[in-house]
Amino acid sequence: FDLIDQGTTILVTTHFMDEAERCYSLAILDEGRLVADGSPDSLMTDLPASVVEVETERARSVRTALMAADDVYDVAQIGSRLHALVDPNRIDPLAYLKELLSASSLPATLRRVKPNLEDVFVMATLEHGRAAA
């Protein structure tokens, strides 16, 4: 950080999002292609998905049920919780996911959360994969 304060540009490559969060500008690459770039804050703010955090004792079953839903882009495990990335056009993603899990008799605690860089990475690489297909 002292070198940066003196005007030195430092290039860091990492797959640890907590390290990436400390950078001023990020470039996310997928298979050698740039799929997202910007400041950590702008990438999280501009994420093209709503994020719902899911806490459950049945993470695998819950993930499987949510992944089958049309408006769920992906469900990633972040620590002991799941982050469901939901179509931002879904008016009430929290109620939508609660209804899906209730219909499958899967107990879970859900809450809307702000996106983190893991969510950004998952969404950016997911979109690149879709575009390539």
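A charge sits over a ring if NZ of Lys or CZ of Arg is within 6 Å of the ring centre and within 35 degrees of the ring normal. Select Arg90 and Tyr96: Arg90 lies over the face of Tyr96, at 3.7 Å from the ring centre.

This is a predicted model, in which local features need pLDDT of at least 70 and side-chain atom pairs count only at pLDDT 80 or more, while totals for chains, interfaces and linings use all residues. Residues are numbered from 1 along each chain as its sequence is written, and side-chain values use heavy atoms, with hydrogens and water left out.

Next, select the core. A nonpolar core is a set of buried (under 20% relative accessible area, 1.4 Å probe, protein chains only) Ala, Val, Leu, Ile, Met, Phe, Trp, Tyr and Cys residues joined through side-chain atoms within 4.5 Å. The largest one has 19 residues, of which Leu47, Ala49, Leu85, Leu117, Val120 and Met123 touch the most other members. Helix 6 gives the most to this core, with five residues. Helices (H or I, at least four residues) and strands (E, at least two) are DSSP runs, numbered from the N terminus.

Then go to the largest pocket, an open set of points on a 1 Å grid over the protein atoms alone where a 1.4 Å probe fits, with protein on both sides within 12 Å along at least five of seven lines. About 730 Å³ of space lies in this pocket, the volume being the space filled by probe spheres set on the points. Its lining (residues with an atom within 4 Å of a point) counts 22 residues, and Val12, Thr13, Cys23, Ser25 and Leu26 are the closest to the centre. Colour strand 1 (26-30): this strand gives the most to the lining, with four residues.

Note on methods
Buried < 20%, exposed > 50% of the residue type's maximum accessible area, 1.4 Å probe, protein only.
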